[in-house]
Amino acid sequence: MRTAFFGAATGLFCLLLGGAPAGCSAGRPASAAAVESLVVLHTNDVHSHLEPFEAKSGERVGGVAARDALIRRQRALGGRVLLLDGGDLVQGTPYYNRFRGEPDHRLLDLLGYDAIALGNHDLDDGFEAWRGRAAVTRTPILSANVFTTSVGIAAGAPRGGVPAAVTRNAKWVGGGKVAPGTELHLLAAPYVIFERGGLRIAVLGLTTPSLDRIVASRKNQGVAVGSPVAAANYYVPKLRREADVVIALTHIGVDQDRWLVDHVPGLDLVIGGHSHTALFRPIREKAEGGRGTPIAQAGAWGRYLGRTTLRWSGDRARTVDGRLLEIRPAEGETPEVEALLAGYRSRLGEEFDRVVFRTDKRVESSALDEGDAPLGNFVSDVLRERADADLAVMNAGGIRSPLPAGDVRVRDIVTMLPFDNRIVVVTMTGAEVQRLLDRIARHLGKSGFGHVSGASYVIRRDRATEVRVWKRGVAKGAGAASHRSRDGDPLDANRRYRVATIDFLSDGGDYFDELRDAATKERTEILLSDAAIEFLRSHPAYRFGKDGRVQWRGTGEALRDMGMR
């Protein structure tokens, strides 16, 4: 059962704020000495992948109906069980483009999720739209470090201002520090406490501090994000007095999860998301002078269900077992869940099934550790041609899935480019383009890397060198472009270039400040996914591949330092 999250007003206030005002019981919960175990089932970063999909091996995996069937089998094993999700429930397939998260949130209740972390993609349509979606689910959506100036807060969020200890050094979405003394309210509930067989379990939600620059700023005016560590250091001591077990349910990525454990004592378990990391066994992070805290994460797209078990010796959780269970439709699907999904599937419309292209081989997603990559080259080529620009820049994080071998349908393009990004053309001098390419070079292998069209360059010591701008009319597609570096002209620092990109980047998203600060911007209403569909229809001979437009030159030590394995 969920303990009073949606219960009586007094109990809700006590549980959410963790204090002991008049009328609230401040007593320590019963000792957990007799507790044998707690099983936490968990998912993260499902990104609207409600249907089964084809893995690289060719096997059909995932799908919400198969996930529910597996969850039911796990619950049938008995014991104390929680079902949690590490955030980014939505955004990634035509189900989101058409229904804006409605089926995803309804399915949270149908599958019996106990809580979910607020993810960055929850705010893609703006925080007001998120509030409307959140209202269709009873599942608590948690974040202790995302704030708003608005008083009309979401269901479950505590009333009143947030303590300065939590909001210190908070940043506005779009950039800029929040001035001291600014009154902020929590956008969501910070935590919830559950009861399972006499055991009280606190679950604290935390969201990536990069929220300030990775969501659309225009739709999230008045939203701010604070430090997960600051929020956890404020709430965890309170929760230790209220509960037997404290779990951080995070959408901050596995590296930040390690940082959290190093700087926040008192956590028994971290269930994470955001970095799409498949941890087939939980990792233990041991802060200096402290005990090891397990961190678990279950990949992405609902391919796996994590099963993490805490066991006790004495009055604290001491041991942990964990594994990822692959979700296979062939092992069973729940008819009730499939029936709900079928209703939405029938409303998607036939246009998503139209074939637009055919490719002999599967085209993998663009990786952050590649100088240039087939899908990154393709999308940037689309931008440059559609905008009739000299160059084009696309962030690697905006390309979300591979293209299948064989028929490529509209749904495949929309899944690859799910965000409703519009094409924008900015005007930049050659010197400004150089700074932009240097910035991209510094992010090779990291979040914020960008793909280019219309230019070639070599990365040396985190700088773009030997930059050459292609001549107009160079042929499209891998193989036809191997001569580009020799066919172009050196970048002219004084010349003005038309650079095509997307609105998210031109507004400074993913820290592309050079595009944000461009003096001239031409905004269009052309959707990037629509432009990609038109491009493939008009270029049926296009060949996906690497063509050496971005090359890296460095030592193995530097490569390892960049996190490239």
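The second largest pocket in this predicted model has a volume of about 250 Å³. Strand β19 (residues 355–359) gives the most to its lining, with three residues. Beyond the pocket, here's a quick look at a five-strand sheet and a pair of helices, α4 and α10.

**Pocket lining**
- Going around the second largest pocket, you'll meet F357, R358, T359, D360, K361, R362, V363, E364, P374, Y542, R543 and F544.
- By class, that lining splits into six charged, five nonpolar and one polar.

**The open sheet**
- Five strands make up an open sheet with mixed pairing, in the order β23-β20-β27-β22-β28.
- β23 (450–453) and β28 (520–527) sit at the edges with a single partner strand each, so one side of each has no neighbour in the sheet.
- From one strand to the next, the twist averages 25 degrees.
- β28 pairs with strand β22 (residues 422–429) in the antiparallel sense, over five bridges; T427 has T520 in β28 as its bridge partner.
- Helix α17 (residues 528–538) lies across β20 (391–395), β22, β27 (496–502) and β28, and runs at about 70 degrees to β28.

**Helices α4 and α10**
- The axes of α4 (residues 102–111) and α10 (residues 335–347) come within 11 Å and cross at roughly 170 degrees.
- Angles over 145 degrees count as roughly antiparallel, so that's how α4 and α10 run relative to each other.
- On the α4 side, E102, P103, R106, L107, L110 and L111 meet E336, V337, L340 and Y344 of α10.
- The residues of this α4–α10 contact come out as seven nonpolar, three charged and no polar.

Note on methods:
Residues numbered from 1 in each chain as written. Predicted model: local features only at pLDDT ≥ 70, side-chain atom pairs only at ≥ 80, totals over all residues. Heavy atoms only, no water. Axes fitted to C-alpha atoms, helices over the stretch in contact; angles between N-to-C directions. Helix = DSSP H or I, 4+ residues; strand = E, 2+ residues; numbered from the N terminus. Parallel < 35°, antiparallel > 145°, perpendicular 65-115°, else oblique. Contact = heavy atoms within 4.5 Å. Nonpolar A, V, L, I, M, F, W, Y, C, P; charged D, E, K, R; others polar. 1 Å grid on protein atoms, 1.4 Å probe; cavity = no way out; pocket = protein on both sides within 12 Å on 5 of 7 lines; lining within 4 Å. Points joined across faces, edges and corners; volume = space filled by probe spheres on them. Pairing = 2+ DSSP bridges.
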